[in-house]
Amino acid sequence: MQEKVFKFLRSMYKLRRVPNALLFYGKEGVGKKSVGFEFAKGLLCLNGEFPACGRCFSCKHMDEFRKEPEENLEVYAEGQGGKKVFMYLQGEHPDFIYLKPQRGEIKIDQIRGLKDFVNLKPALSQRKLVLIADADTMNPYAQNALLKTLEEPPQDTYLLLTAGNQDRLLPTVRSRVYSVEFQPLSRDEIKKITGINDDMILSLCEGSLTKAKKLLEKKGLIAMAETIIKGDPLEVYNVSLRLEGMEYEDQKLFLYILESFIYKSMLDEKENYEVYQSIINRVSEVNEGINRGARIGLAIFYIHILLGGENNALYKG
């Protein structure tokens with residue numbers, strides 16, 4: 001998986017030209033975090049190898065980190081407001097921390113919490129490493145707080161950032177990291193890794209391993225989206241009620257599937273472009289609404305009515 005990226009990183013490592021700050025960006029589920037962890041493991045490897053040797057104390061600590069339940073790795077500290085706040089994950093390796101969002105956002109207190117770690121000398125490896133997952137969820141205050149470290153990183157400290165959408169990062173942040181793009185996985189790669197052969201799932205996942213696994217696990221959502229498009233009013237009503245009782249993440253995945261179906265038909269039936277675009281806009285409004293706690297059922301029933309227009313090829317299909 002991501003062989004081109006691996007080859008590039010091996011060359012960079014071998015030539016000893018690894019920047020102190022790297023950004024791995026690309027769609028969700030294409031291997032950014034996995035590759036980031038493996039590269040971090042190599043940078044900390046006591047035998048100076050990438051891929052890492054897997055035998056030294058550093059590599060063993062890194063492997064244990066990945067096996068350990070996250071709740072056992074959580075580090076908390078007192079934030080500026082005096083409240084206890086989540087900072088990052090840290091295991092037995094003294095030179096590695098893993099920073100991730102909490103409740104969908106990386107906050108300024110978390111970035112401030114990096115300062116003590118960054119200013120320490122390595123205790124086991126020759127380097128220290130911070131892996132920041134989903135860095136594009138940093139709020140502007142957190143991004144500005146990170147700038148100081150990016151501008152003047154200690155020579156023995158490396159930061160690896162991953163992001164699904166690099167455009168959410170401030171230009172000042174992007175200008176201080178070396179960006180590496182991760183392309184979507186091919187259908188054959190996803191088939192090989194997951195064993196999934198369902199053409200619908202392979203099409204909907206758009207090269208994302210994570211999304212392919214979610215769609216396989218929640219395959220019933222595909223049938224529900226098809227019902228909204230082609231079902232009779234009673235079936236649609238029942239689906240709307242089921243959606244109301246679903247978890248937030250399942251509602252989001254359902255809306256993604258529904259929008260994908262509509263978008264595909266918009267491309268196939270260009271003469272109905274404006275009809276499809278207005279419906280896609282409505283789905284986006286529903287998506288934004290549930291972020292704020294709005295109910296999904298009535299909105300989805302209305303979208304079904306829009307899809308029933310006489311010019312709508314989706315409904316006829």
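Helix α12, residues 233-244, is built from 12 residues. In this predicted model, α12 reaches 17 Å from its first C-alpha to its last, close to the 16 Å expected at 1.5 Å a residue. Its buried residues are Val-236, Val-239, Ser-240 and Leu-243. They lie on the same side of α12, because they cover an arc of only 105° around the axis. A general property of helices accounts for such spacing: an α-helix has 3.6 residues a turn, so residues three or four places apart point the same way.

The buried residues of α12 pack against three other helices, namely α11 (220-230), α13 (248-268) and α15 (297-307). Ser-240, which lies in α12, gives a detailed view of this packing. Its relative accessible area is 5%, and Ser-240 is therefore buried, the limit being under 20%. Leaving aside residues up to four places away in sequence, Ser-240 touches Gly-297, Ile-300 and Phe-301. At the start of α12, a side-chain oxygen of Asp-232 comes to within 3.1 Å of the backbone nitrogen of Leu-234.

Helix α13, one of the packing partners of α12, contains Lys-252. Lys-252 is partly exposed, with a relative accessible area of 22%. Residues up to four places away in sequence apart, Lys-252 touches Asn-287, Ile-290 and Asn-291. Lys-252 and Ile-290 are 38 residues apart along the chain, and their C-alpha atoms are separated by 8.3 Å.

**The protein as a whole**

The protein has 16 helices and 7 strands. Its C-alpha trace spans about 70 × 45 × 35 Å along the principal axes. Of the 317 residues in the protein, 46% are buried. Among contacts between residues at least 6 apart in sequence, 65% join residues at least 24 apart.

**Helix α1 and the loop that follows**

Helix α1 agrees with its expected span, because its 12 residues should cover 16 Å at 1.5 Å a residue and its end C-alpha atoms are 16 Å apart. The buried residues of α1 are Val-5, Phe-6, Leu-9, Met-12 and Tyr-13. These residues cover an arc of only 125° around the axis, which puts them on the same side of α1. On the other side of α1, Glu-3, Lys-4, Lys-7 and Lys-14 are exposed. The cover over the buried residues of α1 includes β1, α2 and β7 (178-181).

Just after α1, Arg-16 takes a positive phi of about 60°. Arg-16 belongs to the loop between α1 and β1 (21-25).

**The second largest pocket**

Which residues lie nearest the centre of the second largest pocket? They are Tyr-13, Arg-16, Gly-48, Gln-126 and Arg-127, within a lining of 14 residues. The pocket holds about 270 Å³ of space. Helices α1 (3-14) and α2 (32-44) each supply at least two residues of its lining. Tyr-13 is also among the buried residues of α1, whereas Arg-16 is exposed, with a relative accessible area of 75%.

**Loop residues and backbone geometry**

Most residues other than glycine have a negative phi, and most peptide bonds are trans. Against that background, Arg-16 has a positive phi although it is not a glycine, and the phi of Glu-206 is likewise positive, near 55°. Glu-206 lies in the loop between α9 (199-204) and α10 (209-217). A cis peptide bond, with omega about 0°, joins Phe-50 and Pro-51. Pro-51 is located in the loop between α2 and α3 (57-67).

Gly-91 occupies the loop between β3 (84-89) and β4 (96-99). Not counting residues up to four places away in sequence, Gly-91 touches Phe-65 and Leu-73. Gly-91 and Lys-33 are 58 residues apart in sequence, and 17 Å separates them in space, C-alpha to C-alpha.

The table lists the accessibility of individual residues discussed above.

| Residue | Relative accessible area | Class |
|---|---|---|
| Ser-240 | 5% | buried |
| Lys-252 | 22% | partly exposed |
| Gly-91 | 26% | partly exposed |
| Glu-206 | 39% | partly exposed |
| Arg-16 | 75% | exposed |

Technical notes
Residues numbered from 1 in each chain as written. Predicted model: local features only at pLDDT ≥ 70, side-chain atom pairs only at ≥ 80, totals over all residues. Heavy atoms only, no water. Helix = DSSP H or I, 4+ residues; strand = E, 2+ residues; numbered from the N terminus. Expected span 1.5 Å × (residues − 1). Buried < 20%, exposed > 50% of the residue type's maximum accessible area, 1.4 Å probe, protein only. Arc of directions from axis to C-beta. Contact = heavy atoms within 4.5 Å. Polar contact = N/O pair within 3.5 Å; in protein donor to acceptor, adjacent residues only side chain to side chain. 1 Å grid on protein atoms, 1.4 Å probe; cavity = no way out; pocket = protein on both sides within 12 Å on 5 of 7 lines; lining within 4 Å. Points joined across faces, edges and corners; volume = space filled by probe spheres on them.
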